[in-house]
Amino acid sequence: MAKKGLMYALLSALLLSTMNLFVKMLGSNIPSGEIAFFRGLFGTVAVLIVMYTQGIRFSKEDRGHLIMRGLYGGFGMVCNFIALVHLKLSDATILFQTSGIFVLIFSALFLKERVPKGAGKWLLLIFVAVMVMVNPFSFTGFTWFALVAILGAALSAAAYTTIRLISKRGKHSNFEIMAYFMITGMIAGLVTTDKLVMPQGTDWLIILAIGGISVVAQFFLTGAFVTTNAVVAQFLQYVGVFISSFYGFLFFGESLSIETIGAGIAMFVSSVMLARLKEQSGPLREGKVIEDKIK
């Protein structure tokens, strides 16, 4: 189960980074909320088709948690898309990975997973790194979109923690959990869009790519949080930072500043140490889903 969770987390990081690339490409023509709407729309259709063909039905249990998971994830997705469009791809990705810190906090508060001893200094280092990136004390360097990215990280962490909570009951398939996210993500995108813009030409191909990649990525991401520790699964997403940085350089000519590189390294090292401390604090009971019924 642990090896499967590791593979799921790494694959989701690769796919989500690729999806973020397409979001940034599309963001120059289409509003961020509308992109989130189309992603949710195509994702909903795809997941419902899979559920129908596999005979997976919506259950009547844990509906409140499933809806909250969807709402957290849906509005977190919109925040992430806004940040991707207005920030450098690498900066937006790094800031969004602060969700790992929120996962640590939320898992301790709501899942009763212990915060490991010795975590304080690493949390402090991550806080300093975030301050370096956000640069709140400089009028010229500060941008509100950085705070939007952090808000999206917090909402996504709440969604990830809710997945873990749901999985402990073992009564839902990955696809059912994903369906709630896709449906509410579609709604979140629609309500946060002031004016819809009709996609043109290749825009539709990019939208289809975003929708298809997101479904597969969400399956792997949900599987990662079900089969391994919530904190470990989240911190493995840092692989996506390096992939996004490469995409930003290759497609948008973006360069990393010394401050961003230093902050990113500090956050990555601190996150790895936190994950290591978390694992050393003791084993965690595995989550369960109706995975064996999916052929």
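Is Phe268 buried, partly exposed or exposed? I looked this up first. The model I am reading is predicted. At 30% relative accessibility, Phe268 counts as partly exposed, because buried would need a value under 20% and exposed one over 50%.

**Entry 1: around Phe268**

I placed Phe268 in helix 12, which covers residues 258-280. I then listed its contacts, leaving out residues up to four places away in sequence. Phe268 touches Tyr238 and Phe242. I also checked a backbone distance. The C-alpha atoms of Phe268 and Val241 are 9.4 Å apart. Along the chain, 27 residues separate that pair.

**Entry 2: the whole chain**

I stepped back to the overall fold. I counted 12 helices and zero strands. Read from the N terminus, every element in the order is α. The protein has 295 residues, and 54% of them count as buried.

I looked at how far along the chain the contacts reach. I took the contacts with a separation of 6 or more. Residues 24 or more positions apart account for 91% of these.

Then I turned to the surface. The protein exposes about 13,600 Å². Carbon and sulfur atoms supply 70% of that area.

**Entry 3: the cores**

I searched for nonpolar cores. The largest has 67 residues. Val47, Phe81 and Met267 have the most contacts inside it. Helix 9, residues 202-227, gives this core its largest share, 10 residues. Apart from it lies another core, of six residues. Among its members are Leu66, Ile166, Ile177 and Tyr180.

Which residues does Met267 touch, not counting those up to four places away in sequence? I found Ile94, Thr98, Ile126, Ala129, Val130, Met133 and Tyr238. Tyr238 was already in my notes as a contact of Phe268.

**Entry 4: Ala129**

I followed Met267 to Ala129. Ala129 lies in helix 6, residues 120-134. Its relative accessible area is 4%, so I noted Ala129 as buried. Leaving aside neighbours within four places in sequence, Ala129 is in contact with Ala263, Ala266 and Met267. I checked Gly262 as well. The C-alpha atoms of Ala129 and Gly262 are separated by 7.9 Å. Along the chain, the two are 133 residues apart.

**Entry 5: Tyr180**

I went to the six-residue core next and picked Tyr180, one of its members. Tyr180 sits in helix 8. Its relative accessibility is 13%, so Tyr180 counts as buried. Outside the four places on either side in sequence, Tyr180 touches Phe58, Ser59, Arg63, Leu66, Ile67 and Gly70. Leu66 belongs to the six-residue core too. The C-alpha atoms of Tyr180 and Gly70 are 5.1 Å apart, with their positions 110 residues apart along the chain.

**Entry 6: a nonpolar patch**

I looked for nonpolar side chains on the outside. One patch covers about 680 Å². Its residues are Ile67, Met68, Leu71, Phe75, Ile187, Leu190, Val191 and Leu196. Helix 3 (63-86) and helix 8 (174-191) each supply at least two of the patch residues. Which helix gives the most to the patch? Helix 3 does, with four residues.

I checked Ile187 by itself. Ile187 is in helix 8. With a relative accessible area of 47%, Ile187 is partly exposed. Ile67 is another patch member, and I had met Ile67 already among the contacts of Tyr180.

**Entry 7: two helices**

I tested the length of helix 7, residues 144-167. At 1.5 Å a residue, its 24 residues should span 34 Å. Its end C-alpha atoms are 35 Å apart, which agrees. I then asked about its cover. In helix 7, 17 of the 24 residues are buried, so the rest of the structure largely encloses it.

Helix 5, residues 99-110, got the same test. Its 12 residues reach 16 Å from first C-alpha to last, close to the 16 Å expected at 1.5 Å a residue. In helix 5, Ser99, Gly100, Ile101, Val103, Leu104, Phe106 and Ser107 are buried.

**Entry 8: positive phi**

Most residues other than glycine have a negative phi. I looked for departures. Lys112, which follows helix 5, has a positive phi near 60°. Asp62 has a positive phi of about 60° although it is not a glycine. Asp62 is in the loop between helix 2 (32-54) and helix 3.

Is Asp62 buried or exposed? Asp62 is buried, with a relative accessible area of 16%.

Definitions and conventions
Residues are numbered from 1 along each chain as its sequence is written. This is a predicted model: local features need pLDDT of at least 70, side-chain atom pairs count only at pLDDT 80 or more; totals for chains, interfaces and linings use all residues. Side-chain values use heavy atoms; hydrogens and water are left out. Buried means under 20% relative accessible area, exposed over 50%, partly exposed in between (1.4 Å probe, protein chains only). Contact means heavy atoms within 4.5 Å. Accessible areas come from the Shrake-Rupley method with a 1.4 Å probe; for residues, only the protein chains shown count as cover. Patches are made of residues with over 30% relative accessible area and no salt bridge: like charges are joined within 9 Å, nonpolar side chains (Val, Leu, Ile, Met, Phe, Trp, Tyr) within 5 Å. A salt bridge is a side-chain nitrogen of Lys or Arg within 4 Å of a carboxyl oxygen of Asp or Glu. A nonpolar core is a set of buried Ala, Val, Leu, Ile, Met, Phe, Trp, Tyr and Cys residues joined through side-chain atoms within 4.5 Å. The expected span of a helix is 1.5 Å times one less than its number of residues.
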